[in-house]
Amino acid sequence: MLLSHILGWERHQLYLRGDELLSAGQLNAFESMLQRRLKGEPVQYILETKEFMGLSFKVDRRVLIPRWETELLVEYVLSAAEKREEPLSILDLGTGSGVLAVSLAVYLPKAELTAIDIREEALQVAAENAKNYNVSDRVAFLSGDLFTPLDGTGVHACFDIIVSNPPYIPTEEIQGLMPEVREYEPVSALDGGRDGLDFYRRIAQQAWKYLKEDGFIALEIGYNQGMSVQKLFLETEAYKRGEIHKDLAGRDRLAVFHKRQGVERCWKN
Ligand SMILES: C[S@@+](CC[C@H](N)C(=O)[O-])C[C@H]1O[C@@H](n2cnc3c(N)ncnc32)[C@H](O)[C@@H]1O
């Protein structure tokens, strides 16, 4: 991958043209990339790119590298969106590189997106990704803690759908992660507090206030968090039912909660 990148060749060309010599400049570039890789830096940071939902996203150390499991969340929303009236308004909480907001904007060409992250530097990467796919006019980026940037800003704060892939690793487990993750990816994108559920706790308390009457929230969850997350949401009595979906490996991966009818409407309709 590193060599293909430097030469600008497709991977198969490496085999077909295997007897060509590198220029001094190419050799230097290749060696410096190899050194970074040998120290454990993920290849996606070195190449500054990651594929997601068939799209190519810019990533660097300011953002988490999007994972393939997260595509399940996008696929769920795309299929739910087919049954709804367009245009949809969608909120992405903890947008990072912007993969959720930007891929939803690309595949739902009439949807209006709002994407929030607490880290300005992540939002810079997300905005670049939105620009690359010509969706900047439909994705508003806001910086701040969870829902707080929506209050009093005058932006549309009433959504059909909320999506989020919040940090959900229990603090104690972070030290046990692979060095590639632990030493290179932003800890604030991983750390979900003592039991990993801090963000779900806060989101459960607040999300319904920002959902339209028939709105829903779809969240990525850790492989063993289905029951706990379901409990946190349903005990607020603001959501009428919960669904836990598993990934291809049979592990909990996605939680969906629909707003219960009759609870206070969101503030701007
Ligand atoms: C697990 S990453 C997900 C990134 C991206 N959505 C994805 O799926 O690849 C979680 C993101 O939440 C952001 N974040 C952490 N705490 C936050 C908070 N209190 N409010 C808003 N965003 C937060 C992090 O900066 C990080 O970008």
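These exercises work through a predicted model, each with a stepwise solution.

**Exercise 1. The sheet**

Determine the strand order of the open sheet, and find its edge strands.

*Solution.*
- Step 1. The open sheet has 7 strands, and its pairing is mixed.
- Step 2. Read across, the order is β5-β4-β3-β6-β7-β9-β8.
- Step 3. β5 (139–143) and β8 (239–246) each pair on one side only, which makes them the edge strands.
- Step 4. From one strand to the next, the twist averages 15°.

**Exercise 2. Strand β3 and its partners**

Describe how β3 pairs with β4 and with β6, and state whether its residues are buried or exposed.

*Solution.*
- Step 1. Take β4. β3 pairs with β4 in the parallel sense, over 5 bridges. Here L93 stands opposite I116 of β4.
- Step 2. Take β6. Strand β3 (residues 89–93) and strand β6 (residues 159–164) run parallel and are joined by 4 bridges. D92 stands opposite V163 in β6.
- Step 3. Sort the side chains. In a regular strand, side chains alternate between the two faces of the sheet. In β3, S89, L91 and L93 point one way, and I90 and D92 point the other way.
- Step 4. Check burial. The strand is mostly covered, with 5 of its 5 residues buried. That includes D92.

**Exercise 3. Helix α6 on the sheet and against α5**

Find the strands that α6 lies across, then characterise its packing with α5.

*Solution.*
- Step 1. Helix α6 (residues 99–107) lies across β3, β4 (112–117), β5 and β6. Relative to β4, the helix runs at about 170°.
- Step 2. Two packed helices are described by the angle between their axes and the distance between the axes. For α5 and α6 the angle is about 35°, and the axes are 11 Å apart.
- Step 3. The crossing of α5 past α6 is right-handed.
- Step 4. List the contact. α5 contributes L73, V74, V77 and L78, which meet L100, S103, L104 and Y107 of α6.
- Step 5. Classify these residues: 7 are nonpolar, 1 is polar and none is charged.

**Exercise 4. Helices α10 and α11**

Give the geometry of the α10 and α11 pair, and say which residues make the contact.

*Solution.*
- Step 1. Helix α10 (residues 198–206) packs on helix α11 (residues 226–234) at an angle of about 30°. Their axes are 8 Å apart.
- Step 2. Apply the cut-off: angles under 35 degrees count as roughly parallel. The two helices, α10 and α11, are therefore roughly parallel to each other.
- Step 3. The handedness of the crossing is right-handed.
- Step 4. Y200, R201, I203 and A204 of α10 make the contact with V229, L232 and F233 of α11.
- Step 5. By class, the contact has 6 nonpolar residues, no polar ones and 1 charged.

**Exercise 5. Y107 and its surroundings**

Place Y107, classify its exposure and list its contacts beyond four places in sequence.

*Solution.*
- Step 1. Y107 sits in helix α6.
- Step 2. Its relative accessibility is 36%, so Y107 counts as partly exposed.
- Step 3. With neighbours within four places set aside, Y107 contacts M53, G54, L55 and L78.
- Step 4. Follow up G54. G54 lies in the loop between β1 (50–52) and β2. At a relative accessible area of 68%, G54 is exposed.
- Step 5. Relate G54 to S103. They are 49 residues apart in sequence, and their C-alpha atoms are 9.0 Å apart.

**Exercise 6. Three loop residues**

Locate N134, E237 and K58. Which are buried, and which are exposed?

*Solution.*
- Step 1. Most residues other than glycine have a negative phi. N134 has a positive phi of about 55° and is not a glycine. N134 is in the loop between α7 (120–132) and β5.
- Step 2. At 67% relative accessibility, N134 is exposed.
- Step 3. E237, also not a glycine, has a positive phi near 65°. Its place is the loop between α11 and β8.
- Step 4. E237 has 53% relative accessibility, so E237 counts as exposed.
- Step 5. K58 is in the loop between β2 (55–57) and α5 (71–82). Its relative accessibility is 17%, so K58 counts as buried.
- Step 6. Leaving out residues up to four places away in sequence, K58 touches E48, S97, V125, E128 and N129.

Key:
Residues numbered from 1 in each chain as written. Predicted model: local features only at pLDDT ≥ 70, side-chain atom pairs only at ≥ 80, totals over all residues. Heavy atoms only, no water. Axes fitted to C-alpha atoms, helices over the stretch in contact; angles between N-to-C directions. Parallel < 35°, antiparallel > 145°, perpendicular 65-115°, else oblique. Left-handed = near helix turned anticlockwise from the far one by under 90°. Contact = heavy atoms within 4.5 Å. Nonpolar A, V, L, I, M, F, W, Y, C, P; charged D, E, K, R; others polar. Pairing = 2+ DSSP bridges. Buried < 20%, exposed > 50% of the residue type's maximum accessible area, 1.4 Å probe, protein only.
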